[in-house]
Amino acid sequence: MAFRLLLACLLVLAVSAHAAEVAGVKIDDKARVADTELSLSGAGLRKRVFFQVYAIALYVRDRKADPISQPGPKRVQIHMLRDVGADQFTDALADGIRANHSESEVRALEPRVKELGATMAEIKEAKKGMTIALDWNGTATQVLVDGKPTGRPIEGEDFYRALLRIWLGEKPVQDDLKKALLGA
């Protein structure tokens, strides 16, 4: 009897630690960035034609506020579902930035997009099963691969907001993904 009670308690704890599941990836309901606890805003699946590319989750402090303009730490967490070359990954992010910004804004962001590209080049390939987090810590964007900081922090909140617009902007990479990340 005691064993069953313990097992039931452990099951409840295991279930409550994950707020969602996307394409078999368990998505945590909380994340911590810069000593700030963040809540899951939403999670979804990035598809390309009929391929599942990645499961993605957005973490913010205030789920009711606009994730792009709200101040403070944030996280975009990408769980790779297939292998994607670093160049292809970076090009897709750059395309998403171009789609949601004016030509002059893109030019201003370009050096930092190149910094992100250099960080991705360090890992060579976003492999299936890898987790890539893009954290805004209040001063810079930090890339984490499987929980470990990779590359140099990239300065500028405008850069992080540009990254968020890839998925949440007026021309998101995928409409249903935008809705999912906003918790719809």
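This passage describes the largest pocket, the largest cavity and the surroundings of Gln77 in a predicted model.

The largest pocket holds about 400 Å³ of space. Its lining is made up of 20 residues, and those nearest the pocket centre are Arg46, Arg48, Val53, Gln88 and Ala92. Several elements take part: strands S4 (36-48), S5 (51-60) and S6 (74-80), together with helices H2 (86-99) and H4 (157-168), each contribute at least two lining residues. Helix H2 gives the most to this lining, with seven residues. In terms of residue class, the pocket lining comprises twelve nonpolar, six charged and two polar residues.

Turning to the enclosed space, one cavity of 30 Å³ or more was found, and the largest cavity contains about 30 Å³. Ile56, Leu58, Val76, Leu164, Trp167, Leu168 and Leu181 form its lining. At least two of these residues come from S5, and at least two from H4; helix H4 gives the most, with three residues. The cavity lining has seven nonpolar residues, with no polar and no charged ones.

A closer look at one side chain rounds out the picture. Gln77 is located in strand S6, which also supplies at least two residues to the lining of the largest pocket. Gln77 counts as buried because its relative accessibility is 14%, under the 20% cut-off. Its side chain makes a polar contact of 3.4 Å with the side chain of His79. Beyond its neighbours within four places in sequence, Gln77 is in contact with Ala55, Ile56, Ala57 and Tyr59, as well as with Thr131, Ile132 and Ala133. Of these partners, Ile56 is also one of the residues lining the largest cavity.

Note on methods. Residues numbered from 1 in each chain as written. Predicted model: local features only at pLDDT ≥ 70, side-chain atom pairs only at ≥ 80, totals over all residues. Heavy atoms only, no water. 1 Å grid on protein atoms, 1.4 Å probe; cavity = no way out; pocket = protein on both sides within 12 Å on 5 of 7 lines; lining within 4 Å. Points joined across faces, edges and corners; volume = space filled by probe spheres on them. Helix = DSSP H or I, 4+ residues; strand = E, 2+ residues; numbered from the N terminus. Nonpolar A, V, L, I, M, F, W, Y, C, P; charged D, E, K, R; others polar. Buried < 20%, exposed > 50% of the residue type's maximum accessible area, 1.4 Å probe, protein only. Polar contact = N/O pair within 3.5 Å; in protein donor to acceptor, adjacent residues only side chain to side chain. Contact = heavy atoms within 4.5 Å.
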